[in-house]
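Me: I would like to go through this model one point at a time, with the reasoning given before each result. Please keep the replies short.

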Amino acid sequence: LSRYVAALVRARGPRVNTEQEFQLALAHQQAGRFPQARDLCLQILRQHPEHPPALHLLGTLARSAGRLDIAADLLGKAVRAAPDAAGPHYDLGVTRALQGDPAAAAACFERALELQPGHAEALMGLGNLLLERGQADAAADCYRRIVAADPNAVMAYYNLGLACFRADRLDESADNYRRALALKPDSAEAALNLGITLSRQDKPDEAILFLRRAQAGLPGNPVAPYNLALALLNHGRPEEAEAYFRQALALDPNYGEACLNLGNTLIRLGRLDEALGYCRKAVELRPDSADARLTLGLALHDQGRLDEAAACYERAIALQPGFAEAYSNLANTRLDQGRLDEALRLCRKTIELAPDFAGGHYNLGLVLFGQHRLDEAEASYRRAIALKPDYVEAHANLGTTLTYLGRTDAAMRS
């Protein structure tokens, strides 16, 4: 196409009314009549080889056709012909991003914003690049500038919700998803992300409401039933969760997280043989996942296959050395194997990694009780209860420990 432009420029034809021709080309482009728009741009360039708007429009048309190298060449010429125009810098940035050059894309967006600070598309493009780089706070600043200028910018609210979620500012994330939904109530994607955010905020009833709405609006998307299932599981409704995990897997049989959590659900339901199959499939799909190894270990432990369970937990720790829950489960397994000294070491490692993990203190209490260190066991159970007041097992074992210590009244209260 670039060679074709050059040939047309050399073979100049009759003069044209440039402004009228360009406006007609723009109208064709906006109406989706791309070949007509292209031909008019080429006709303009016969007479004016460095006509910035024609180069710019022709570059965007080449990009729409998937001809990224040609688009970058034409848009680069448009930038050189009109260095103070923000539009060509922005579209060159879009093209560089599609070519897989985020640094060059960001430079183009930043130059467009120097020339036109309120350029919403450049702010969106730069924000998206920053979000992909993991710079959530900087991305959020870009999106905030958009909504400050245009309170009806639905996509900016949506992306601001995503940036705040990644920055762990969950209240702000939820607020922005709600704003997006107020402007576009049928946005299933905003409903999905709001549901996920509410789940993280431990608001299960409201989360389930929005996740059901998302699932209805995204019938072919496995992420919607998966997240609905996860919210139901975390809300103590494993029977319902099972159906939605299965729905997610029907849409995507290789959905590793759905396999993993269906296995976890079946463990809770006591269907261990069936759970084991899904846990093994999760490990097959995600061999480097510490979570998958952990869940497989749980299924094996509950079947009494302690050596195999321990091997799974050890592999989880190798994959994720700071994985406190894997240390805790391995400690439990060693306790069941009667290897109390090793279990004690693993419990202390668990607490070192996650001092506020109630399960770690509870397991330490079990080990200390097994070693007849009752006063220390009592302290561990009390610490577990302080961290998780409704920890039924910790209350029960504290009561047993107090009974052994001869403190019957206190045991009865526990």
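Me: Is C259 buried or exposed?
Reply: This is a predicted model, and the call rests on a computed relative accessible area. Buried means under 20%. C259 has a relative accessible area of 2%, so C259 is buried.

Me: Which cysteine sulfur is closest to that of C259, and why is there no bond?
Reply: A disulfide needs two cysteine sulfur atoms within 2.5 Å. The separation here is 9.2 Å, which is too far for a bond. The closest cysteine sulfur to that of C259 is the one in C279.

Me: Which cysteine sulfur is closest to that of C279, and how many disulfides does the whole structure hold?
Reply: C279 is buried, with a relative accessible area of 0%. Its closest cysteine sulfur is in C312, and because the distance is 9.0 Å, it is too far for a bond. A search of the whole structure gives a disulfide count of 0.

Me: How far apart are the end C-alpha atoms of helix α18?
Reply: Helix α18 covers residues 290-302, which is 13 residues. At 1.5 Å a residue it should span 18 Å, and the model agrees with that. The end C-alpha atoms of α18 are apart by 19 Å.

Me: How many of the 13 residues of α18 are buried?
Reply: Among the buried residues of α18 are R293, T295 and H301, along with L294, L296 and L300. The cover over the buried residues includes α16, α17, α19 and α20. The helix is largely enclosed by the rest of the structure, because the number of buried residues, out of 13, is 10.

Me: Which residue caps the N-terminal end of α18?
Reply: The cap is made by a side-chain oxygen, with the backbone nitrogen of D291 as its partner. The two atoms lie 3.4 Å from each other. The capping residue is S289.

Me: Which residue just after α18 takes a positive phi?
Reply: The phi value in question is about 80 degrees. The residue that takes it, just after α18, is G304.

Me: What volume of space lies in the largest pocket?
Reply: The largest pocket has 29 lining residues, and those nearest its centre are N264, R268, L298, E325 and N329. The elements giving two or more residues to this lining are α14, α16, α18, α20 and α22. The space in the largest pocket is about 1000 Å³.

Me: Is N261 buried or exposed?
Reply: N261 sits in helix α16. Not counting residues up to four places away in sequence, N261 touches Y226, L230, L233 and F245. Its relative accessible area is 12%, so N261 is buried.

Me: Where is E378, and what is its relative accessible area?
Reply: E378 lies in helix α23, residues 374-387. Leaving aside neighbours within four places in sequence, E378 is in contact with L398, T401, L402, L405 and R407. E378 is buried, with a relative accessible area of 10%.

Me: What separates the C-alpha atoms of H28 and S328?
Reply: H28 belongs to helix α2, residues 18-30, and counts as buried at 14% relative accessibility. Beyond four places in sequence, the contacts of H28 are R33, F34, Q36, A37 and L40. H28 and S328 are 300 residues apart along the chain, and their C-alpha atoms are separated by 66 Å.

Me: What is the relative accessible area of V154?
Reply: V154 is in helix α10, residues 154-166. Leaving aside neighbours within four places in sequence, V154 is in contact with A180, L183 and K184. Partly exposed residues fall between 20% and 50%. V154 is partly exposed, because its relative accessible area is 23%.

Me: Where does D168 lie?
Reply: D168 has a positive phi of about 65 degrees although it is not a glycine. Its place is the loop between α10 and α11.

Me: Is D202 buried or exposed?
Reply: D202 is found in the loop between α12 and α13. Its phi is near 60 degrees, positive in a residue other than glycine. Exposed means over 50%. At 63% relative accessibility, D202 counts as exposed.

Definitions and conventions:
Residues numbered from 1 in each chain as written. Predicted model: local features only at pLDDT ≥ 70, side-chain atom pairs only at ≥ 80, totals over all residues. Heavy atoms only, no water. Helix = DSSP H or I, 4+ residues; strand = E, 2+ residues; numbered from the N terminus. Buried < 20%, exposed > 50% of the residue type's maximum accessible area, 1.4 Å probe, protein only. Contact = heavy atoms within 4.5 Å. Expected span 1.5 Å × (residues − 1). Polar contact = N/O pair within 3.5 Å; in protein donor to acceptor, adjacent residues only side chain to side chain. 1 Å grid on protein atoms, 1.4 Å probe; cavity = no way out; pocket = protein on both sides within 12 Å on 5 of 7 lines; lining within 4 Å. Points joined across faces, edges and corners; volume = space filled by probe spheres on them.
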